[in-house]
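Subject: Structure handover

Hello,

Here is the structure you were to receive, with the sequence alongside. My notes on it follow below.

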Amino acid sequence: MHEFSIITELFKIMEETAHAHNLVKVESVIIHAGALRQIHKAALLAAWQEITQSTIAENSTLELTVLPARIRCLNCRKESGVEDICFVCGFCSSGEVEVIQGNELILHTIRGENSHGD
Ligand SMILES: [Zn+2]
């Protein structure tokens, strides 16, 4: 279950960020993940619930935004989206492409309360 290792990593980053901003409670977290990561959302949410128990992020909401995969053609240099794991240029049908989006895993937003109460 790779969602759990993803969550473990993200949780570490979340905790560090929360400390850096003096957060005493985390209410919501938004994650941006590339489509090529093939994250199972329900498994991710379950892992989040489990790992945040008895932490400052207990009962926080986790939102997952999936970034569609995009490629750049090495032949015609145009960029296009891809629907599945079939990397072919949408303009000239060349198979010589590079992936420019789809592998991301970003902790995008953390919302919470800081120790000043605002
Ligand atoms: Zn092309």
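In which loop does Arg77 lie? Arg77 sits in the loop that links β3 and β4. Please keep in mind throughout that this is a predicted model.

Arg77 and its hairpin

Arg77 is not a glycine, yet its phi is positive, near 70 degrees. The hairpin to which Arg77 belongs, made of β3 and β4, has 5 residues between its strands. Is Arg77 buried or exposed? A residue counts as exposed if 12 or fewer other C-beta atoms lie within 10 Å of its own. Arg77 has 10 such neighbours, so it counts as exposed.

The two strands of the hairpin, β3 (residues 70-73) and β4 (residues 79-81), run antiparallel and are joined by 3 bridges. One of the paired positions is Arg72, whose bridge partner in β4 is Glu79. β3 also pairs with β5 (residues 97-101), again in the antiparallel sense, over 4 bridges. In that pairing, Ile71 stands opposite Val99 of β5.

The two faces of β3 differ in cover: Ile71 and Cys73 are on the covered face, while Arg70 and Arg72 are on the uncovered one. In general, side chains in a regular strand alternate between the two faces of the sheet.

Overall layout

The protein has 2 helices and 6 strands, and from the N terminus the elements follow the order α-β-α-β-β-β-β-β. The C-alpha trace spans about 55 × 30 × 15 Å along its principal axes. The radius of gyration is 18 Å, where a compact globule of 118 residues would have one near 13 Å. Of the 118 residues, 19% count as buried. Among contacts with a separation of 6 or more, 71% are between residues 24 or more positions apart.

The three-stranded sheet

An open sheet of 3 strands has the order β2-β1-β6, and its pairing is mixed. β2 and β6 (105-114) are the edge strands, each pairing on one side only. From one strand to the next, the twist averages 20 degrees. β1 (residues 23-34) and β2 run parallel, joined by 7 bridges. Within this pair, Val29 has Leu62 of β2 as its bridge partner. Helix α1 packs on the sheet, where it touches β1 and β6, and its direction makes about 45 degrees with that of β6.

Helix α2 and the loop after it

Which residues of α2 (residues 41-51) are buried? They are Leu44, Ala47 and Trp48. Viewed down the axis of α2, these buried residues fall within an arc of 100 degrees, so they line one face of the helix. Ala42 and Glu50, on the other side of α2, are exposed. The cover over the buried residues of α2 includes α1 (2-20) and β2 (61-67).

The loop between α2 and β2 holds Ser54. Ser54 is another residue other than glycine with a positive phi, here near 60 degrees. Ser54 is exposed, with 6 other C-beta atoms within 10 Å.

Regards

Conventions
Residues numbered from 1 in each chain as written. Predicted model: local features only at pLDDT ≥ 70, side-chain atom pairs only at ≥ 80, totals over all residues. Buried ≥ 20, exposed ≤ 12 C-beta atoms within 10 Å, placed from the backbone. Pairing = 2+ DSSP bridges. Rg over C-alpha atoms; globule rule 2.2 N^0.38 Å. Contact = placed C-beta atoms within 7 Å. Arc of directions from axis to C-beta. Axes fitted to C-alpha atoms, helices over the stretch in contact; angles between N-to-C directions.
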